[in-house]
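Trainee: I keep tripping over the vocabulary here. Can we go through how each label is earned?

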Amino acid sequence: MTKIASNLQIDSARLWDSIHETAKFGATAKGGVRRLTLGPEDKQVRDWFRRACEAAGLEVHVDALGSMFGLRRGRDMSKPPVGLGSHLDTQPTGGKFDGVLGTLAALEVVRTLNDAGIETETPICIVNWTNEEGSRFAPAMMASAAYVGDFTTADILSRKDTDGVTVAEALDTIGYGGESPVGTQKFSGFVELHIEQGPILEAEGKTIGVVDSGQGVLWYDGRITGFESHAGSTPMPLRRDALATLAEIVLAVESIASKQAPSAVGTIGEAAIANPSRNVIPGEIVFTVDCRSADAAIMDAIDKELRAAAAAISARRKVEVALDLVWRKAPTRFDPKLVDAVEHAATALGYSHRRITSGAGHDACNLNTVMPAAMVFVPCKDGVSHNELEDATQADCTAGANVLMHTVLALAGVAS
Ligand code: GLV
Ligand code: MN
Ligand code: MN
């Protein structure tokens, strides 16, 4: 760290105000946020973010998947910028911090550097990635996945939500289908600040998580086809009940993941009965499965066991069970040099810290496959996230933003 940089702190009140100002876009009665990607509230927050970036002197551009980039020029514009940011979309019953902290802390870093009159050697570029959450369109983190070449832009543009609206249509509706082809904004590295979304930092009384790895993800779309029939007159042995089948699959997922605990987790988060009626035996159900582990061999074992369990349940109950793997994200090992830079910044600023594995997926995990990337975590209350009760303290958010800023300064350099 240079002398000028080591004394520099972000403006805690300004960051906190920004978090609460944007929480109004999609605010829920329980104090959370519902801001589904590319919906009207997402447009509101994007417009706010664009205006804030422009007011901070950034050159803003939007790519073909709606990701927003705000470039702050550096002394040497021949070098690709250091990237920082996260996402502004939320879960249907999400909180104020997931993604928002990392995006608005990136903005706060720029505002702080502006106020201090600091020019970096390498430019920096702040980013709001489209659809990190994956709850409206699958997969999660789809824009950064396309950025790194895991999917084509055309493929992602054709993905549909449950109402049949495509990503292309949704982008068009809110006016965020941008000009730049996906992947044209290059970076020399990327740093993402995020709440931990788990209980470890809070339990250990640590302020900063130096994230060195991330769990891999398996996402499946499932469909059970049984037979609809009368709830009163169909004898129990003759039923082909899709919901009773799902119940067994839910318990199979729980048991398969539990056997690997604490190295794996498994969840069925969505299920819908077709034409539900209290006096009809369910004949058709669609559902999702989300399984995660930081160990690729465990992910493969889970995949095998899950398919075997589904086949056995299907045969015994004489119902069809289809399980399509729609997304496989390998576990992440963040770039050792960037991880060291995060750790060094946390130490130099005097914050308690520990190395940590991310349980959640993040855009930085995708980006790490094509550039050096790292993450900074701060604690969240009771480890709760993807919930309207999600909470974090101003002091911890400030600490995280300071570590983010000093990591970025170490990477970008201060022009002399
Ligand atoms: C994103 O929030 C994920 O980890 O699913
Ligand atoms: Mn997030
Ligand atoms: Mn999330």
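Mentor: Sure, start with β16: Ala 373, Met 375 and Phe 377 on one side are buried, and so are Ala 374, Val 376 and Val 378 on the other. This is a predicted model, where local features need pLDDT of at least 70, side-chain atom pairs count only at pLDDT 80 or more, and totals for chains, interfaces and linings use all residues. Residues are numbered from 1 along each chain as its sequence is written, ligands are numbered from 1 in the order in which they are written, and side-chain values use heavy atoms, without hydrogens and water.

Trainee: Why is His 194 called buried?

Mentor: Buried means under 20% relative accessible area (exposed is over 50%, partly exposed in between; 1.4 Å probe, protein chains only). His 194 has 0% relative accessibility, so it counts as buried. Asp 98, at 4%, counts as buried too.

Trainee: What makes β5 and β16 a pair?

Mentor: Strands (DSSP E runs of at least two residues, numbered from the N terminus) pair if DSSP finds at least two bridges between them. β5 and β16 have six bridges and run parallel, with His 194 partnering Phe 377. β6 and β16 also qualify, with three bridges in the antiparallel sense.

Trainee: Which residues are the protein donors of the manganese ion (ligand 2)?

Mentor: Donors are N, O and S atoms within 2.8 Å of the metal (3.2 Å for Na, K and Ca); water is not among the atoms, so sites may look incomplete. His 87 (NE2), Asp 98 (OD) and His 194 (NE2) lie 2.0 to 2.3 Å from the ion, so they pass.

Key
Helices (H or I, at least four residues) and strands (E, at least two) are DSSP runs, numbered from the N terminus.
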